[in-house]
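Biologist: Got a minute to go through this one with me? I'll put it up and then pester you with questions.

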Amino acid sequence: MLAPGIVLFAVFMAAPILYTLYLSFQRVEVSGLGLGSGARKQVFAGLDNYAAALGDPEFGASVGRVLTYGAILIPCMLGLALLFALLLDSRRSRATTFSRVAIFLPYAVPAVISSLLWGFLYLPSVSPFYYLTERLGIEMPQILSSQLIMFGIANIALWGGVGFNMIVIYTSLKAVPNDIYEAARLDGASETQIALRIKIPIVTPSLIMTALFSIVATLQVFAEPTTLRPLTNTLSTSWTPLMKVYRDAFTRDDIYSAAASSIVIAAATLLISFVFLRVVQKRAFGQED
Amino acid sequence: MRSILRVGAMATVAATALLTAGCSSPAADEPAAEGPVELSFWAWAPNIEKVVELWNEENPDIKVTVSKQDGGDPAITKLLTAINAGSGAPDLIQAEYQKIPTLVASDALADISADAGDLEEKFPEGVWDSVTLGGDALYAVPQDSGPMMFYYREDILKELGLEVPTTWEEYADVARAVHASDPKRYLGTFSANDAGWFAGMAQQAGTSWWSIDGDSWGVDIDSEATEKVASFWGGLVEEGAIDNKPMYTPEWNAGLNDGSQVGWLSAVWAPGVLSGNAADTAGLWKAAPMPQWEGEDATGNWGGSSTAVTSQSEHAAAATEFATWMNTDPEAVQALVTESGIYPAASDEAEASLSTAPEFFSNQPDFYDVAADVAQTVSPFTYGPNVNVAFSAYNDEFAKAADAKTESAFVDALQAMQEITVTDLEDNGFNVK
């Protein structure tokens, strides 16, 4: 019964991972000019690729950028998603179906498309925003400048991601039986108090899940900065760890060190997710027991 | 990607510009008797299969089949995979000049010097160097080239009472005057996205970034000549006379169209790009030779490709014969110009096949005369086996410099590029001088 699952896992998950592991311990060695036949051979590299990946200041810098990016993005993303979910769930909301779809819709736009779209809006000479503010005599900062680019990219991810996270939180709000709210109202709780004291604690598990998704997505950010890169001088080809992997593998033709960096990134993602879950789950659910 | 767009754009221009296709009588030479031979050819130039058809009609003994590729980069990636796998490579491939050393380093190309005969005098020296890597071997027959020229808005320079710059010093003065007339106007931009563009300008300054010395590679990216180019541009960016934004962005396109980009240092294929990106300015641009440093007139190359025979081909002689025919036979070259819209690398054939100026440059009937003169002055330049590394280092380092807007940052960027390129070669085990 399990055979199809095991075969699919072996072929499409285990085999590529093992092959990546194998590649990460190899390298190419060239002799002389490297021209002509037999001048290039694959040899065992030991841990050289890992040492190079971890010791590369560019890699460290890209990790630093991604952490800053996550520190900006994740609180905004979860805060807005929670706020929207609570607003949609509150009794006084009108046109909730329309709002829900409108907030969710950007999630259906592929990241490359939304980055192109925002890229146009960020370029002063083709952007309607800059056109309007210039007419109004307001001087707008350059979003593609080195100081603001981080916020520009976080904004794209936020625009695309809030809707999805909102739906997750909203769905768990909908699952709460109405009796609880009625009891609270009978006790004299206001809508705000209900939101803070009842709804938020109840949706904590979905908040943790969305936080985990957001952390993983943050560590893997690639499409937005890659799409914006040709438009500005402020994004390098190794701006995020995955961009560096891509550059090493396909631009620099060094699939071996790219494999080592990939393994490092995968291991770090796993570790961060695990630690996050351990820490948060203890605090969130520990009290309930 | 970009080169496909360029080629595509050029095709449109050439198709409309060249009203008559020369119709010389078919060559009577019979191919070497090897029996019926089947050759496969990976290429991406538009309509190249029509040029190949001409060959197939005249040469029933050697049948060439084109397999259309997505572009320069994907075709090369595919070829390298086939070479690593030991089978699956075509007999012939269209390869951009800067890819040749990488291909040779992977043992993907055959040395065709024995079969090709004497082709050297048919091509400008700079182009020839790219396919021989400066040695005795011949790795490809040059197909098209992109000699660099200076494009400017004739109307705006006239309005401002400015002369067309012929030296870089004059270029700087004109750039200052243009920018002073309107803070939104620039004579050009320094693009950190286009390593090929900067390499072309270094080539013009008389340097070569790589060289072969016996058994070792030389890397000379931070040579005095390139440093002169880098600090020239760094200086102009620092004082604000030249824009620092990359080319090929929606913003840059808008600038070309609305007159805020008054000039463009580009190559012979520029009319295709301009007519696509700045359609409103038809008839307002003119082409001139590049501004010069001291010494003989020179220019660099930006873009261009060749026809190479792969190391897996079992019919190298027949493949070489086809490659030579396609790029040097007058009828074939004419067809390449008419059908694929390329600027032929072979000097005499280029002159014969390009007579009417592109429609976008109808105000400059002698466009191709200017281009032909310029094409004769392409300086020699050798690409190395890790052009990809050097070019991506250019993107990163010069982007930082363009953002910092200081002359010293430009010089630092060049040194960083040199260091990254040398380190990469050494790490891979190449002998580096």
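Modeller: Sure, starting with a charge: the charged end of B:Lys78 sits over the ring of B:Trp42, 4.8 Å from the ring centre. That label needs NZ of Lys or CZ of Arg within 6 Å of the ring centre and within 35 degrees of the ring normal.

Biologist: And what lies over the face of A:Tyr181?

Modeller: A:Lys199, at 5.1 Å from the ring centre. Before we go on, this is a predicted model, where local features need pLDDT of at least 70 and side-chain atom pairs count only at pLDDT 80 or more, while totals for chains, interfaces and linings use all residues. Side-chain values use heavy atoms, leaving out hydrogens and water, residues are numbered from 1 along each chain as its sequence is written, and chains are lettered from A and ligands numbered from 1 in the order in which they are written.

Biologist: Okay, rings. How many aromatic pairs over all chains?

Modeller: 51. One of them is A:Tyr19 with A:Tyr22: the centres are 6.1 Å apart and the planes at 25 degrees, so the pair is stacked. The rule takes rings of Phe, Tyr and Trp (its six-membered ring) with centres within 6.5 Å; planes under 30 degrees apart are stacked, over 60 edge-to-face, and the rest tilted.

Biologist: Where do those two tyrosines, A:Tyr19 and A:Tyr22, sit?

Modeller: In helix 1 (residues 3–24) of chain A, three residues apart, which means about one helical turn between them. Helices here are DSSP runs (H or I, at least four residues; strands are E, at least two), numbered from the N terminus. A:Tyr22 is partly exposed at 44% relative accessible area; buried would be under 20% and exposed over 50%, with a 1.4 Å probe and protein chains only.

Biologist: New topic: what's the phi of B:Asn47?

Modeller: Near 60 degrees, so a positive value in a residue other than glycine. Most residues other than glycine have a negative phi. B:Asn47 is in the loop between strand 1 (37–43) and helix 2 (48–58) of chain B, and is partly exposed at 27%.

Biologist: Which loop is A:Ala95 in?

Modeller: The one between helix 3 (57–89) and helix 4 (96–104) of chain A. A:Ala95 has a positive phi too, near 50 degrees.

Biologist: Last one: how many helices and strands in chain B?

Modeller: 18 helices and nine strands. Buried residues make up 61% of its 433 residues.
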